[in-house]
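Got your viewer open? Let's take a short walk through this one, selecting a few things as we go.

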Amino acid sequence: MDSPLEIAWHNVEKSQPLEDRIRARVDKLHRYFNRINSCHIVIERPHRSQHNGKEFHLRIEVRVPEREIVISGDPGDRKDHFDPNLTIRDAFDAMERRLEAHSQKMRGETKILSGPPQGVVVRKFDEYGFVRMSDGQEIYFAPNAVLNEGFGALSVGSPVELSVAEGEGAMGPQASMVRPISEVSLESERREEV
């Protein structure tokens, strides 16, 4: 890396074992893309918690040539993010998948997908929501993008397939179409728990 690793702790007491685990996972990122310029990590417990502030949130920002890749490991509806080690694992697993995909794209390799991307609604508000895709990326969606039963029928945990619009909006990557489906099996949920 061109710049030293930065780790910020917000509403979480600094922990040497957690920092060591984060540093070990950052060192392994070079396996997936060897031209990482910088990495910034934020581990926090948001004030807005519905569970007395006990769940953890991990944000990883990795700068590579011509791009910044961000994973925001928001706990959403997952109950295992009360353990910071699981939060770290999930966020870094998602970052590794994103770096590997970026590396393949840079080499000109393409994957043939068997269908539209799928994900699960992880947060839903009155005027918008977020879908977490199987690679860990979160996609913003507005009510006018939802087909079939409509925005009101979706809830946290609803499986959907989506089309992602070109470019990014103010809330990050944005879905141009969201369609509720009956079942989805995300790669992160199929993975055996260690």
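Here is a tour of one helix and some salt bridges, in a model that is predicted.

**Stop 1: the helix.** Select residues 84-106, which make up helix H2. Those 23 residues reach 33 Å from the first C-alpha to the last, close to the 33 Å expected at 1.5 Å a residue. Turn on a surface and you'll find H2 mostly covered, with 17 of its 23 residues buried.

**Stop 2: its two ends.** Go to the start of H2 and pick Asp-83: one of its side-chain oxygens comes within 2.9 Å of the backbone nitrogen of Asn-85. Now jump to Gly-108, just after H2, where phi is positive, at about 85°.

**Stop 3: a link between helices.** Select Glu-96 and Arg-25, and show their side chains. They form a salt bridge, with the closest N and O atoms 3.0 Å apart. Glu-96 lies in H2 and Arg-25 in helix H1 (residues 16-28), so this pair ties together parts that are 71 residues apart in sequence. Are these two buried or exposed? Glu-96 has a relative accessible area of 11%, so it counts as buried, the cut-off being under 20%. Arg-25 is buried too, at 12%.

**Stop 4: other salt bridges.** The count for the model comes to 10. Try Arg-59 with Glu-61, whose closest N and O atoms are 2.8 Å apart; Arg-59 is partly exposed, at 31% relative accessibility. Next, select Arg-63 and Glu-68, which meet at 3.8 Å, N to O. Arg-63 is partly exposed at 37%, and Glu-68 is partly exposed at 37%.

**Last stop.** Select Lys-14, Glu-19 and Arg-23 together: salt bridges link them in a network.

Note on methods. Residues are numbered from 1 along each chain as its sequence is written. This is a predicted model: local features need pLDDT of at least 70, side-chain atom pairs count only at pLDDT 80 or more; totals for chains, interfaces and linings use all residues. Side-chain values use heavy atoms; hydrogens and water are left out. Helices (H or I, at least four residues) and strands (E, at least two) are DSSP runs, numbered from the N terminus. The expected span of a helix is 1.5 Å times one less than its number of residues. Buried means under 20% relative accessible area, exposed over 50%, partly exposed in between (1.4 Å probe, protein chains only). A polar contact is a pair of N or O atoms within 3.5 Å; within protein, one must be able to donate a hydrogen and the other to accept it, and residues adjacent in sequence count only if both atoms are side-chain atoms. A salt bridge is a side-chain nitrogen of Lys or Arg within 4 Å of a carboxyl oxygen of Asp or Glu.
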